[in-house]
Amino acid sequence: MDISVVIPLYNEDESIPELFAWIQRVMSENGFTYEVIFINDGSTDQSWKIISQLCEQYPEAKGIKFRRNYGKSPALYCGFKEAQGDVVITMDADLQDSPDEIPGLYRMIKEEGYDLVSGYKQKRYDPISKTIPTKLFNATARKVSGIKNLHDFNCGLKAYRKDVVKNIEVYGEMHRYIPYLAKNAGFDKIGEKVVHHQARKYGTSKFMGLNRFVNGYLDLLTLWFLSTFGKKPMHVFGFLGSIMFFIGFVAAAIIGGHKLYSLAAGVPDRLVTDSPYFYISLTMMIIGTQLFLTGFIGDLVSRTSQNRNDYQIEEEILKK
């Protein structure tokens, strides 16, 4: 099979028939063998009824129904698990992503050798309350991930080599960072394609709100830490703990030395416990010890994890 199209959706019953017909036309014109996997993320409208009708009528249509709304990342995870095509295309169900982009994305994967190609909606039809935070978010994501050539990490229209989706785990809200997840898994040939962005035809966006951007930054921080220190927590916690303990110990030694000097010289001096610096140094030593122990425990957990030796192997040639 050439292409699997994975479409997560929530309450998009008006656009589903038109989207599927559009995909059918593009696939037929280009002679692709394909499947379209709809993941109904707990919709409360007629989305599942329409998907069921399409599945009965067309063998290319497939559907997965969640019992409740879990989010886009779980929907993509389940869609990736079922996808059989050599190239996997993801797109949103709101008709803002154009299926006419599919042939170009497919060629970039198959002919130009990319592992992942992300769409770039250079001209957007979103409100300014969404576009400005998106630009700031993407600038931060480029800096943290090191993927300098991507301008739109969160674009729903992406193409993947099959090996990529079978070797990454999309969880929580990590769908925004699939290129980063792919890079961490060793799929570092990541490209970008300028794609046409259309105004929403039906309904309103289901992904508005300030918490979307706050959670995005928190997820990025989590992913950066896991990718950098996930298998070696002692390197960060142990280092910070040692530094803090050392500074606190030196400060306490200076305070104690000053007190001993005053006693030896017969100079009146206040009690050590009356000095605020004593408590600051003591607090730093305690926090330093806690950080060190956190790193130590984290290392123990990492060493006993079932995934501690989970390494991505692209190819093997073994001779006996």
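In what order do the strands of the open sheet lie, and how are they paired? Some notes from going through the model, which is a predicted one.

1. The sheet. It is open, has 7 strands, and reads β3-β2-β1-β4-β6-β5-β7, with mixed pairing. The edge positions go to β3 (61-65) and β7 (190-194); each has a single partner strand, so one side of each has no neighbour in the sheet. From one strand to the next, the twist averages 20°.

2. The β3 end. Here β2 (residues 34-40) pairs with β3 in the parallel sense, over 5 bridges. If you want a spot to click on, V36 sits opposite A61 in β3.

3. Around β6. This strand runs antiparallel to β4, with 4 bridges joining the two, and antiparallel to β5, with 3 bridges. K158 in β6 is a handy residue to look at: it is the bridge partner of T90, and S118 stands opposite it as well.

4. A helix on the sheet. Have a look at α4 (residues 102-110), which packs on the sheet and touches β1 (3-9), β4 (87-90), β5 (116-120), β6 (158-161) and β7. Its direction makes about 140° with that of β4.

5. The largest nonpolar core. Nonpolar side chains tend to be buried together in soluble globular proteins. In this model the largest such core has 34 residues, and those with the most contacts inside it are I3, V5, I7, F38, I89 and M91. At least two residues each come from β1, α1 (16-30), β2, α2 (47-57), β4 and α4. Which element gives the largest share? That is α1, with 7 residues.

6. I7 up close. Leaving out residues up to four places away in sequence, I7 touches L19, I23, V36, I37, F38, I39, M91, D92 and A93. Two of these contacts, F38 and M91, are also listed with I7 among the residues with the most contacts inside the core.

7. A second core. There is also a separate nonpolar core of 31 residues, and F80, V165, V170 and F187 are among them.

8. Overall numbers. The protein has 10 helices and 7 strands, and 43% of its 320 residues count as buried. Contacts are mostly long-range in sequence: taking those with a separation of 6 or more, 80% are between residues 24 or more positions apart. The accessible surface comes to about 17800 Å², with 57% of that belonging to carbon and sulfur atoms.

Methods
Residues are numbered from 1 along each chain as its sequence is written. This is a predicted model: local features need pLDDT of at least 70, side-chain atom pairs count only at pLDDT 80 or more; totals for chains, interfaces and linings use all residues. Side-chain values use heavy atoms; hydrogens and water are left out. Buried means under 20% relative accessible area, exposed over 50%, partly exposed in between (1.4 Å probe, protein chains only). Contact means heavy atoms within 4.5 Å. Accessible areas come from the Shrake-Rupley method with a 1.4 Å probe; for residues, only the protein chains shown count as cover. Two strands pair if DSSP finds at least two bridges between them. Axes are lines fitted to C-alpha atoms, for helices over the stretch in contact, and angles run from 0 to 180 degrees between N-to-C directions. A nonpolar core is a set of buried Ala, Val, Leu, Ile, Met, Phe, Trp, Tyr and Cys residues joined through side-chain atoms within 4.5 Å.
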